[in-house]
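I am opening my notebook on this structure, and I want to write down what I looked up and what I found.

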Amino acid sequence: MSTMNHQVRLAARPSGLPRPADWSLTAEPVPDPGPGQFVVAISHVSIDPAMRGWMDARPSYIPPVEIGAVMRAGAVGRVTASEHPGFVVGDEVYGLFGVQEYAVSDGRGVIKIDTSLAGPSTYLGALGMTGLTAYFGLLDTGKLKAGDTVVVSGAAGAVGSMAGQIARIRGARVIGIAGGPEKCRTLVEEFGFDAAIDYRAGNVRKALREHAPGGVDVYFDNVGGEILDDVLTCLARGARVVICGAISQYNETQVRGPANYLMLLVARASMTGMLVFDYLDQYPQAMAELAGWLRDGKIVSREHVVHGGVGDFPATLLMLFDGVNTGKLVLALDGG
């Protein structure tokens, strides 16, 4: 086992896109576990749009990452040393371990995973926070019903691709919005969406009216901005708009709100934000259902895995905002 733990720490709060100077790469001895603790060797780090919000000091649903602190991140790894009665050496686990090679934990918020059922990166995607966010966002916040017309933005991304597949399983007609013809082909041919709209081709509203002539019953929003405004003009009566994310706004110094919000009144619709952390007590049952769908081939788990070290984190994070990845973006440490 290595004697040093390499880490990525937040050095400055970014303005716009994060820059190399916003990070520092540090090293310190691998920690030893104290009473009631264990040490995890991290193999895969989750790369998520929410990270950009965690870097800002503005009020949010979770405290910001402090300057000088290890960057917050979900990750999976293996227990290498333990003084905790519930975790033994060799256990595979998921937790908010941060962007580093080793983490010490007291077990709070840590979930044991079974990598004989699926690879570790899948527990950051389809069987992790990504899949759970799509699951609860659609079924609880979105109150999805069979026969609904569902539109998903950021549909080729981690949460969006899962949301569309879950909606299809539950009997909905699913339309995805993504950037570029290749991603749109993937939505239909790999993820089973009924239709796909390339927002880069222009006139999203016209395409929505063609693909959803009866209006949109559920809109699962991952991007915000102009596309949110477009979909608001195409809502069916009683529609449910699920605000999961707004990646188009995360690097803006002035966030653009919805200009067409009065369409909620016209359609007697609702717009509700959701956070997966509110469903902690329901994770086991949801993960069991997601695992069953994955086992039965009803959902496809696609991960975009970048192999490298923790020093590759800053460049990998920027891939999210360049629209490079399809499916879940993961940094595998040391080629793991």
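Before anything else I note the cut-offs that I need: a residue is buried under 20% relative accessible area, exposed over 50%, and partly exposed in between. I also remind myself that this is a predicted model.

**Entry on the cysteines**

I began with Cys244 and asked which class its relative accessible area of 22% puts it in. Because partly exposed covers the range between 20% and 50%, Cys244 with its 22% is partly exposed. I then looked up Cys184, which has 10% relative accessibility and therefore counts as buried.

Next I asked how many disulfides a search of the whole structure finds. The search finds zero. For Cys184, which is in no disulfide, the nearest cysteine sulfur is that of Cys234, 16 Å away. Why does Cys244 not bond to the closest cysteine sulfur? That sulfur belongs to Cys184 and lies 19 Å from the sulfur of Cys244, which is too far for a bond. I add for myself that a disulfide is a covalent bond between the sulfur atoms of two cysteines.

**Entry on a pocket**

I turned to the second largest pocket, which holds about 610 Å³ of space. Its lining is made by 23 residues, and those nearest the centre are Gly95, Leu96, Arg108, Gly109 and Val110. I sorted the lining by residue type and found 15 nonpolar, five polar and three charged residues. When I asked which elements each supply at least two residues of this lining, I found the strands β5 (92–95) and β6 (102–105) together with the helix α8 (283–295).

**Entry on helix α8**

Since α8 appeared in that lining, I followed the helix further. It has 13 residues and reaches 18 Å from its first C-alpha to its last, close to the 18 Å expected at 1.5 Å a residue. Which residues of α8 are buried? I listed Tyr283, Ala286, Met287, Leu290, Gly292 and Trp293. An α-helix has 3.6 residues a turn, so residues three or four places apart point the same way. The buried residues of α8 are covered by elements that include β7 (111–112), α2 (129–141) and α3 (158–169). After α8 comes Gly297, which has a positive phi near 75°.

**Entry on Thr149**

My last look was at Thr149, which has its place in strand β8 (residues 149–153). Its relative accessibility is 13%, so Thr149 counts as buried. Leaving out residues up to four places away in sequence, I found that Thr149 touches Arg173, Ile175, Ala212, Gly215, Val216, Asp217 and Val218.

Note on methods: Residues numbered from 1 in each chain as written. Predicted model: local features only at pLDDT ≥ 70, side-chain atom pairs only at ≥ 80, totals over all residues. Heavy atoms only, no water. 1 Å grid on protein atoms, 1.4 Å probe; cavity = no way out; pocket = protein on both sides within 12 Å on 5 of 7 lines; lining within 4 Å. Points joined across faces, edges and corners; volume = space filled by probe spheres on them. Helix = DSSP H or I, 4+ residues; strand = E, 2+ residues; numbered from the N terminus. Nonpolar A, V, L, I, M, F, W, Y, C, P; charged D, E, K, R; others polar. Disulfide = S-S within 2.5 Å. Buried < 20%, exposed > 50% of the residue type's maximum accessible area, 1.4 Å probe, protein only. Expected span 1.5 Å × (residues − 1). Contact = heavy atoms within 4.5 Å.
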